[in-house]
Amino acid sequence: MKFGPVVAVAALVALTACGSGTSTEGGGASTRIGIDHPRADSDFWNSYINYVPQMADELKVDLMPATNSQNDVSKLVNNVQALVGQGAKVIVMAPQDTGAVANTLQQLENKKIPVVTVDTRPDKGKVYMVVRADNRAYGTKACEFLGEQLGGEGKVVQLQGALSSINGRDRSEAFLECMKTKFPGITVFSEPTEWEGSKAASMLQTRLEQNPDIKGIYMHAGGVHLAPTLQVLKQKGLLVPPSDPKHIFVISNDGIPQEFEAIRKGDIDATVSQPADLYARYALFYAKAAAEGKTFKPGPTDHGSTIIQLPNGLEDQLPAPLVTKENVDDQALWGNQVK
């Protein structure tokens, strides 16, 4: 679907209006925002969680005490029901299983409660806005980086997230499609880790034992994959600088400070910075807009992103830059701003 200049301008106008901080409903209890965090076992998500109250203060959002579903869809359902029972007029969530929340989204739609999802796009069920980066671009960037480093030949391991998640599928499919098209001389071993570090460590160790000539690793989530991956490489004597012939090139997704430090040390080579700060800001930005009855259209925004049309709503695709040793010290990156 294509949209002309008029639609693009409309998107900008809507965003500017929302950014003004005015409310058509008067604020207070009538615009209370309920938020469920997806997990607390990931450095990325913990950074996002820390940004939320800061952004709520800046945007003057009436935010209810947060719940945490701990990567469990049944807890997510219960938490959402509790938030609604306590008076939430809008729900912000980040469902890790994007296929299992359809019934909950339908119930919220029936109650006329808008939903903003962060980082993940539900497979079904109406959403007011998805705040997310282009996850297919993550996979493509990782493929192109490793393909160039390996000269188009060799073996790589893809430590996938959960394929029940749209993010895991998008990153995985784009990585594999890019490898097949641009680097057919590279063999890819894909390992679904369910976003679990222990599974990533076990699968990587097995692959390295079976294929000691592996030269590249793509981690879908540095927040859970980085530490176990480095531990396995260290145990096998493979945690060596890029100048060493034994070096395995590693690229990740997240952009957490620990990844940046690993890039500086030469332990990994790159990551795609997933904007935890912007996720928090624009999740609450759109939640507040929903409470105020504002609407948006596809097109470019005034914050360097693009809103796209989904079958079940809209998605604001925020920028996610590639980080290497050349730009790892850029202070504009959120991972360099964490205290």
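A crossover is right-handed if, with the strands pointing away from you, the path from the first strand over the helix to the second runs clockwise. Keep that picture in mind as you open this predicted model, because the tour starts with two such crossovers.

**Stop 1: strand β9**

Select residues 249–254, which form strand β9. Is this strand buried or exposed? Six of its six residues are buried, so the rest of the structure largely encloses β9. Show the side chains and turn the strand around its axis. On one side you will find F249, I251 and N253, and on the other V250, S252 and D254; both faces are covered.

**Stop 2: the neighbours of β9**

Next, add strand β8, residues 214–219. β8 and β9 pair in the parallel sense, with three bridges between them. To see how they line up, pick G216, which stands opposite F249 in β9. Now follow the chain from β8 through helix α8, residues 222–235, and on to β9: this β-α-β crossover is right-handed.

Then bring in strand β10, residues 270–273. It runs parallel to β9, and four bridges join the two. Here the pair to pick is I251 and A270, since A270 of β10 stands opposite I251. Helix α9 completes the picture: β9, α9 and β10 make a right-handed β-α-β unit.

**Stop 3: a salt bridge inside α9**

While you are here, select helix α9, residues 257–265, and look for R264 and E261. These two residues form a salt bridge, their closest N and O atoms being 3.5 Å apart. They sit three residues apart, about one turn of the helix. R264 is partly exposed at 38% relative accessibility, and E261 is partly exposed with a relative accessible area of 38%.

**Stop 4: helices α5 and α6**

Now move to helix α5, residues 135–149, and helix α6, residues 166–182. What joins C143 to C178? A disulfide does, with an S to S distance of 2.1 Å. The count for the structure comes to one disulfide. With -75° about the S-S bond, this link is left-handed. C143 belongs to α5 and C178 to α6, so the pair ties together parts that are 35 residues apart in sequence. Both cysteines are buried: C143 has a relative accessible area of 0%, and C178 has 7%.

Stay with these helices and select K182 and E144, a salt bridge whose closest N and O atoms are 2.5 Å apart. K182 is in α6 and E144 in α5, so this pair ties together parts 38 residues apart in sequence. K182 is partly exposed at 47% relative accessibility, as is E144 at 26%.

**Stop 5: from α6 to a loop**

Another residue of helix α6 to select is R169. R169 forms a salt bridge with D123, with 3.0 Å between the closest N and O atoms. D123 lies in the loop between β4 (115–118) and β5 (129–133), 46 residues from R169, so the pair links distant parts of the chain. R169 is partly exposed, with a relative accessible area of 22%, while D123 counts as partly exposed at 37%.

**Last look: the wider set**

How many salt bridges does the structure hold? There are 14, including the ones at R264, K182 and R169 that you have just visited.

Conventions:
Residues are numbered from 1 along each chain as its sequence is written. This is a predicted model: local features need pLDDT of at least 70, side-chain atom pairs count only at pLDDT 80 or more; totals for chains, interfaces and linings use all residues. Side-chain values use heavy atoms; hydrogens and water are left out. A salt bridge is a side-chain nitrogen of Lys or Arg within 4 Å of a carboxyl oxygen of Asp or Glu. Buried means under 20% relative accessible area, exposed over 50%, partly exposed in between (1.4 Å probe, protein chains only). Two strands pair if DSSP finds at least two bridges between them. A disulfide is a pair of cysteine sulfur atoms within 2.5 Å.
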